Amino acid sequence: IFIISDDVHADFNFTQKQHQTISSISSYVAQNSFICTSPAKTFNMAGLEIANIVIANDKYREQFKLALIAAGIHNPGYFSVPAFLCAYRHGDSWLAALKDYLVENRSWVQSFCQAHFPDWFVAFGGGTYMLWIDYRAMNISEEQLRHWFVSLAGVEMSWGSDFGDEGLGFFRVNIATPRSNLTQAFERIYQSIPFTTGVSLHE
């Protein structure tokens, strides 16, 4: 099996453990995998379209280089490389402050949900800035929840069904945003409850 591992969220580690790439499992895995990282998520640089592909296998690395040339994506934008280097060389303190802010955002969402949406369970993950929220205890469909959020509250979410049947009963919240945005979104959801029908909520 050849593995292409997307580690783009690796910098968002909220545990005491160090992130381990799958290539560290064994020399065989290292020789049969690509490890993909990028400053796009960490430093909000997606518009620069630059990434790292770590390829330990010499043959695969040369093949990949040729594929990039053939696809015409071997020349990064003028600002991409300087921004890339600056982020990795001088961004440690900024990233540390960002992670602290994200921890506070996650705590705020958890507290708000506990106070106003006791049927929701906020899953704790060791990484990423996406929170999975389990609403299955409400016994409502995703279609009903979409109507509540989008049509009544004017708030869009990332829906569990986008990830297959296993995601039904969940939605995702991006907490990598100013807390004022989170506050506004969740308060609009809460304030729209009187206009919902068939939704079981209790204080």
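## Sheet

In this predicted model, four strands make up an open sheet, ordered β4-β5-β7-β6, with antiparallel pairing. Its edges are formed by β4 (121–122) and β6 (158–159), each of which pairs on one side only. Helix α5, spanning residues 92–116, packs on the sheet and touches β4 and β5 (130–134). The direction of α5 makes about 15 degrees with that of β5.

At the β6 edge, two bridges join β6 to strand β7 (residues 170–174), and the two strands run antiparallel. S158 has R172 in β7 as its bridge partner.

## Salt bridges

The count of salt bridges comes to five. Three of them are described here, among them two within helices: R61 with D58, in helix α3, and R146 with E142, in helix α6. The pair D134 and R136 is also described.

## Pair in helix α3

Helix α3 covers residues 58–71 and holds both R61 and D58, which lie three residues apart, about one turn of the helix. Their side chains meet in a salt bridge with an N to O distance of 3.1 Å.

The two partners fall into separate accessibility classes. D58 has a relative accessible area of 52%, which is over 50%, so D58 is exposed. R61 has a relative accessible area of 27% and is therefore partly exposed, as this value lies between 20% and 50%.

## Pair in helix α6

R146 and E142 both belong to helix α6 (residues 142–153) and are four residues apart, again about one turn of the helix. The closest N and O atoms of this salt bridge are 3.4 Å apart, within the 4 Å limit that defines such a contact.

E142 has a relative accessibility of 11% and counts as buried because this is under 20%. R146, at 31% relative accessibility, counts as partly exposed. This salt bridge therefore links a buried carboxylate residue to a partly exposed arginine.

## Pair at D134 and R136

The side chains of D134 and R136 meet in a salt bridge at 2.7 Å, N to O. Strand β5 spans 130–134, which places D134 at the end of that strand. D134 is buried, because its relative accessibility of 13% is under 20%.

The strand that contains D134 is also one of the two touched by helix α5, the other being the edge strand β4.

Definitions and conventions. Residues are numbered from 1 along each chain as its sequence is written. This is a predicted model: local features need pLDDT of at least 70, side-chain atom pairs count only at pLDDT 80 or more; totals for chains, interfaces and linings use all residues. Side-chain values use heavy atoms; hydrogens and water are left out. Two strands pair if DSSP finds at least two bridges between them. Contact means heavy atoms within 4.5 Å. Axes are lines fitted to C-alpha atoms, for helices over the stretch in contact, and angles run from 0 to 180 degrees between N-to-C directions. Buried means under 20% relative accessible area, exposed over 50%, partly exposed in between (1.4 Å probe, protein chains only).
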